[in-house]
Amino acid sequence: MATIVSAPTLSVDEKAFADRVIAELFEKPGALLGVLERIQEHHPNKYLSPDILEYVAEKTEIPLAQIYSVVTFYALFNQEPQGDHSICICRGTACHTRGSRNLLQALRFELGLPEEGEEGADKVCATTPDRRFSLRTVACFGQCALAPVVEVDHAIFGHMNEQTLHREVEHLNGRKS
């Protein structure tokens, strides 16, 4: 019977970076969060592949199920490749009452992302096919006085409206409106 040997899916550089991060952070409180965050940020597509999660589990001797429970619990972790630019719209109560749903719908349309069914209309995590933009929602940024709040490439914008959001997207596309 032939043995199937799978090719390594992590590069030597990816493993070396993970090893350095684990060595640097693993003895500190909350180490797993820091390790995963640094590895994700280092990846060109800002996500954690199943292969890197298995590698971290092996190196840290933390059960893979525990690592997945952390990755799926915290919204900051991505399990799919992300776009070059990220846009995150708050769907908390204050933002909702001040129009964040309209912002979400307008941006979906502008980016060419399909509408979700009614049940999933407020929970979004989608990337455009060209990987230019990733759009997601969060339950609350904790910036209610600035509602509606949108985060664009990790910068918080308060009192957002459709026109300003459109300008931000145009700016990211390198065009002026």
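Two strands are taken to pair if DSSP finds at least two bridges between them, and the legends below use the term in that sense for a predicted model.

**View 1. An open sheet of five strands.** In this predicted model, five strands form an open sheet with mixed pairing, and their order across the sheet is E2-E3-E1-E4-E5. The edges are formed by strand E2 (125-127) and strand E5 (155-157), each of which pairs on one side only. Between neighbouring strands of this sheet the average turn is 20°, with direction ignored.

**View 2. The pairing of E2 with E3.** Strand E3 (residues 133-138) and E2 run in the antiparallel sense and pair over three bridges. Within this part of the sheet, Ala126 has Leu135 in E3 as its bridge partner.

**View 3. Helix H7 on the sheet.** Helix H7 (residues 162-172) packs on the sheet, where it touches strand E1 (85-90), E3, strand E4 (150-152) and E5. The direction of H7 makes about 165° with that of E1.

**View 4. The crossing of helices H2 and H4.** Helix H2 (residues 31-42) and helix H4 (residues 64-73) have axes that come within 11 Å and cross at roughly 70°, which means that H2 is roughly perpendicular to H4. The crossing of these two helices, H2 and H4, is right-handed.

**View 5. The residues between H2 and H4.** On the H2 side, the contact is made by Leu32, Leu33 and Leu36, while H4 contributes Ile67, Val70 and Val71. Sorted by kind, the residues of the contact of H2 with H4 comprise six nonpolar, no polar and no charged.

Definitions and conventions. Residues numbered from 1 in each chain as written. Predicted model: local features only at pLDDT ≥ 70, side-chain atom pairs only at ≥ 80, totals over all residues. Heavy atoms only, no water. Helix = DSSP H or I, 4+ residues; strand = E, 2+ residues; numbered from the N terminus. Axes fitted to C-alpha atoms, helices over the stretch in contact; angles between N-to-C directions. Contact = heavy atoms within 4.5 Å. Parallel < 35°, antiparallel > 145°, perpendicular 65-115°, else oblique. Left-handed = near helix turned anticlockwise from the far one by under 90°. Nonpolar A, V, L, I, M, F, W, Y, C, P; charged D, E, K, R; others polar.
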